[in-house]
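Here are a few notes to read alongside the model, written for someone opening it for the first time. Keep the viewer open and go through the points in order.

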Amino acid sequence: MGKINAIITGVGGYVPEYILNNEELSRMVDTTDEWITTRVGIKERHILTEEGLGTSYMARKAAKQLIQKTGVDPDTIDAVLLATTTPDYKFPSTASIVLGKLGLKNAFAMDTSAACAGFMYTLDLAVSMIKCGRCKKIIVIGADKMSSVTDYTDRQTCVLFGDGAGAVLVEATEEEGIGAQDAFFRTDGKGLPFLHMKGGGSVCPPSRFTVDHRLHYVYQEGRTVFRYAVTSMGDDVAEILKRNGLTNEDVDWVIPHEANYRIIEAVAKRVNLPMEKIVVNIEHYGNTSAATIPLAMWDHEANLKKGDNIVFTAFGAGFAHGASYFKWAYDGHK
């Protein structure tokens with residue numbers, strides 16, 4: 001028996017139908033399309049507006065599409081791992097709701113939380129579970145309903161976020177030269193003052209006070225987050241290239257967390273990579289937190305070729321950040 005590695009064998013995605021564009025936002029807060037476009041590079045974002053629907057709805061849609069595309073037998077799925085900052089409920093896990101709706105009979109499910117770095121961290125968890133032989137097929141989902149924690153009276157943050165979900169199938173393989181190659185992750189623990197949600201947790205449980213003072217929304221000090229994000233993601237990509245003996249020419253694609261076009265641009269410049277090698281779709285989706293990387297893969301899947309060197313990088317609250325390196329396992333759409 002050969003050495004077991006983990007490969008991505010398919011990508012699914014879902015974004016809600018309703019589109020909130022910059023023109024509509026400019027009627028809600030004091031902003032303009034020009035200001036939003038030049039500052040963050042976003043033109044529109046998809047919003048889940050239907051009452052009673054949460055993150056699990058989008059995650060289930062993405063996972064169902066993934067199952068249909070890959071043709072995988074649902075009874076062979078070993079686990080559903082779902083990265084999110086906006087779970088349907090404090091408990092049970094959103095992943096367990098998705099598993100139930102999909103009718104998976106032989107899998108376990110759990111949520112993970114690492115904010116905007118959540119999908120990348122969770123993908124690495126799945127890789128480890130595959131490599132050790134405990135699982136053979138895992139669905140990894142990044143999904144967030146960021147509109148549920150966005151203050152649409154705050155012009156600094158309400159322009160940034162959208163809703164969506166992306167899912168990948170991670171499988172075991174003995175084929176050499178493809179799949180997960182390396183990962184480099186760090187969490188520096190300094191991010192709390194600069195990016196958080198004040199209300200709703202055990203430190204500050206929900207109350208009339210927290211609602212009246214609008215504490216259940218994203219709080220962000222943009223300049224500090226911007227600086228940390230550029231430095232961290234840039235250095236993490238450079239570390240992955242160095243550890244694996246890769247030159248800039250060896251990299252086929254970098255798929256970054258889509259937080260801000262200027263951050264992505266600055267990261268590319270920091271590691272001396274042309275923007276032609278950077279997958280960017282923030283213009284149409286905004287920052288969907290844990291969903292950005294799988295949604296970018298979903299959008300770009302037709303352009304990915306077997307053997308392509310792909311680097312993922314993300315940065316999120318905490319501050320949690322890192323980069324991972326995969327050799328792509330299949331050509332275009334499966």
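1. Start with the largest nonpolar core, which has 38 residues. The ones with the most contacts inside this core are Ile8, Ile138, Val168, Met297 and Phe312. Helix α5, covering residues 118-131, gives the core its largest share, 8 residues. Bear in mind that this is a predicted model.

2. Val168 is a good place to zoom in. Leaving out residues up to four places away in sequence, Val168 touches Ile8, Ile138 and Met297, among others, and those three are also on the list of residues with the most contacts inside the core. Other partners of Val168 include Phe119 and Leu123, and both numbers fall in the stretch that α5 covers, residues 118-131. Gly10, Val11, Leu66, Ile139 and Val140 are touched by Val168 too.

3. There is also a second core, separate from the one above, with 25 residues. Phe161, Leu195, Ala229 and Ile263 are among its members.

4. Next, have a look at Thr112 in strand β5, which runs over residues 108-112. Is this residue buried or exposed? Thr112 counts as buried, because its relative accessibility is 16% and the cut-off for buried is under 20%. The side chain of Thr112 makes a polar contact of 2.5 Å with the side chain of Thr122. Beyond its neighbours within four places in sequence, Thr112 is also in contact with Leu82, Ala83, Thr84, Gly118 and Leu125.

5. Now for the empty space inside. The structure holds 1 cavity of 30 Å³ or more, and the largest cavity has a volume of about 30 Å³. Its lining is made up of Val254, Pro256, Ile264, Val267, Ala268, Ile278 and Thr313. By class, that is 6 nonpolar residues, 1 polar and no charged ones. Both β11 (253-256) and α8 (261-270) supply at least two lining residues, with the largest share, 3 residues, coming from α8.

6. Last, try the second largest pocket, with a volume of about 180 Å³. How do the residues of its lining divide by class? They split into 2 nonpolar, 4 polar and 5 charged. Lining residues with low numbers are Gly2, Lys3 and Asn5. Further along come Lys131 and a group made up of Glu174, Glu175, Glu176, Gly177, Ile178, Ala180 and Gln181. Set this beside the lining of the largest cavity, which has no charged residues.

Methods
Residues numbered from 1 in each chain as written. Predicted model: local features only at pLDDT ≥ 70, side-chain atom pairs only at ≥ 80, totals over all residues. Heavy atoms only, no water. Core = buried A, V, L, I, M, F, W, Y, C linked by side-chain atoms within 4.5 Å. Buried < 20%, exposed > 50% of the residue type's maximum accessible area, 1.4 Å probe, protein only. Helix = DSSP H or I, 4+ residues; strand = E, 2+ residues; numbered from the N terminus. Contact = heavy atoms within 4.5 Å. Polar contact = N/O pair within 3.5 Å; in protein donor to acceptor, adjacent residues only side chain to side chain. 1 Å grid on protein atoms, 1.4 Å probe; cavity = no way out; pocket = protein on both sides within 12 Å on 5 of 7 lines; lining within 4 Å. Points joined across faces, edges and corners; volume = space filled by probe spheres on them. Nonpolar A, V, L, I, M, F, W, Y, C, P; charged D, E, K, R; others polar.
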